[in-house]
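Reader: I would like to go through the terms used for this structure and see what each one rests on. Please set each value against its cut-off.

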Amino acid sequence: MTYGKKLREQIAEPQTTPLIGVYDMYSASIAAEHYDGMFVSGFGFAASYYGLPDIGFIAWPDMVAFVQRLRGAFPRHHLLVDIDDGYVDPEVACHVVEGLERIGASGVILEDQKRPRRCGHADGKQVLPLSEYLAKLEMVLATRQDMVVVARTDATDEHDILHRAGKLAATDADVVLVDGVRSVEWIRRIRKVVGDKPLLFNQIAGGKSPRLSLTELSELGVDVAIYSTPCLFAAHQAMHSALADLRAADGRLPVVDAADGVGVKTATQLLERNIARLRPEPQGVSA
């Protein structure tokens with residue numbers, strides 16, 4: 001069974017499927033302990049790899065290389081990859097999709113923004129003419145073999161949001177995402193417009209969308225929820241706190257709690273599990 005088919009079957013389940021945003025191999029190692037699906041967030045990757053905001057700096061070879069490392073360490077997890085606008089050119093978008101599918105990505109998200117692009121929950125977003133985006137999307141859909149394709153619109157005008165959502169749902173894309181949805185009522189309106197097409201909801205701390213549980217999202221008819229930045233923002237807060245404490249302690253490291261503290265032993269054990277996942281399952285030995 002392909003990675004795309006596995007994710008597609010998971011999305012078809014009655015409950016909302018969560019995909020956790022990861023930004024490097026270490027955050028992915030922790031996420032893998034808790035969830036079986038990951039979202040390769042453009043926001044997180046731009047921040048961690050370049051130290052830059054998510055406004056179009058990502059180079060596609062860097063993203064492909066990262067996904068290849070992820071798939072090597074996590075052979076059984078779902079991997080949904082943010083490819084922004086397909087790196088502008090439709091031919092490039094198709095090339096990237098071919099490469100990602102070859103190395104085992106489960107799916108991609110392709111947006112309709114035009115440059116300069118923005119994070120989906122930022123102000124100042126601009127979208128391509130719908131016909132131009134649909135042409136790019138159709139090329140990508142014709143290129144993929146079995147990979148899941150999420151069609152995303154960043155429209156902000158109320159009429160345009162619903163119009164585009166309906167047009168995206170009418171394509172062969174597997175899932176529709178309207179980013180930056182501002183209310184539960186708008187989720188209901190979008191759900192109605194896309195009909196039977198699976199719907200994805202993007203949650204980001206401090207973003208424009210309401211904070212909703214997976215149970216609430218399931219009741220609203222949302223099929224997939226991506227959590228773009230919980231690992232990144234938690235790391236930001238924890239690192240800031242740890243270094244402030246280190247400075248206050250005149251550089252003396254804290255004692256590692258034997259029960260739930262993180263030291264070299266805990267970190268090493270976490271990373272060793274990435275090797276163990278690649279080993280074949282032990283077979284019973286006959287007497």
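**Terms and their grounds**

Author: G21 has a relative accessible area of 2%, and buried means under 20%, so G21 is buried. The model is a predicted one.

Reader: Where is G21 found, and what does G21 touch?

Author: G21 is found in strand β1. Leaving out residues up to four places away in sequence, G21 touches F39, Y227, S228 and C231. The C-alpha atoms of G21 and G44 are separated by 7.5 Å, with these positions 23 residues apart along the chain as the spacing.

Reader: Why is E219 called exposed?

Author: The cut-off for exposed is over 50%. E219 has 65% relative accessibility, so E219 counts as exposed. E219 is found in helix α9, residues 214–219. Its C-alpha atom and that of P14 are separated by 9.8 Å, and the two residues are 205 apart along the chain.

Reader: Why is D85 called buried?

Author: The relative accessibility of D85 is 2%, and the limit for buried is under 20%, so D85 counts as buried. D85 lies in the loop between β3 (78–82) and α5 (90–103).

Reader: What makes the pair of D85 and V88 a polar contact?

Author: The backbone nitrogen of V88 lies 3.2 Å from a polar atom of the D85 side chain. A polar contact needs N or O atoms within 3.5 Å, one able to donate a hydrogen and the other to accept it, so the distance fits the cut-off. Neighbours within four places in sequence left aside, D85 is in contact with L110, E111, Q113, R115 and K136.

Reader: Q113 is on that list. Is Q113 buried or exposed?

Author: Q113 has 1% relative accessibility and therefore counts as buried, the limit being under 20%. Q113 has its place in the loop between β4 (107–111) and α6 (130–143). Its side chain makes a polar contact with the side chain of D154 at 3.3 Å, where the cut-off is within 3.5 Å.

Reader: Which residues have a positive phi although they are not glycine?

Author: Among them are D84, with a phi of about 50°, and D250, with a phi near 60°. D84 lies in the loop between β3 and α5, and D250 has its place in the loop between α10 and α11 (264–276).

Reader: Are D84 and D250 buried or exposed?

Author: D84 has a relative accessible area of 1% and is therefore buried. D250 has a relative accessible area of 74% and is therefore exposed. The cut-offs are under 20% for buried and over 50% for exposed.

Reader: What makes a set of residues a nonpolar core, and which residues have the most contacts inside the largest one?

Author: The members must be buried residues of the nonpolar kinds, joined through side-chain atoms within 4.5 Å. The largest nonpolar core has 65 residues, and those with the most contacts inside it are L70, V81, I83, L100 and I190. Apart from the largest core lies another of 13 residues, including L80, V150, L177 and V224.

Reader: What does V81 touch?

Author: Not counting residues up to four places away in sequence, V81 touches V40, M63, V67, L100, A105, G107, V108 and I109.

Reader: How many cavities does the structure hold, and what lines the second largest?

Author: There are two cavities of 30 Å³ or more. A cavity is a space where a 1.4 Å probe fits but cannot get out. The second largest cavity holds about 60 Å³ of space, and its lining is V178, V181, I187, I190, L199, L200, F201 and V222. β7 gives the largest share of that lining, three residues. By class, the lining has eight nonpolar, no polar and no charged residues.

Reader: What makes the other kind of space a pocket, and how much space lies in the largest pocket?

Author: A pocket is an open set of points, whereas from a cavity the probe cannot get out. About 410 Å³ of space lies in the largest pocket. Of its 19 lining residues, S27, I30, P230, C231 and A234 are the closest to its centre. The largest share of the lining, six residues, comes from α10. By class, the lining has 16 nonpolar, two polar and one charged residues.

Conventions. Residues numbered from 1 in each chain as written. Predicted model: local features only at pLDDT ≥ 70, side-chain atom pairs only at ≥ 80, totals over all residues. Heavy atoms only, no water. Buried < 20%, exposed > 50% of the residue type's maximum accessible area, 1.4 Å probe, protein only. Contact = heavy atoms within 4.5 Å. Helix = DSSP H or I, 4+ residues; strand = E, 2+ residues; numbered from the N terminus. 1 Å grid on protein atoms, 1.4 Å probe; cavity = no way out; pocket = protein on both sides within 12 Å on 5 of 7 lines; lining within 4 Å. Points joined across faces, edges and corners; volume = space filled by probe spheres on them. Nonpolar A, V, L, I, M, F, W, Y, C, P; charged D, E, K, R; others polar.
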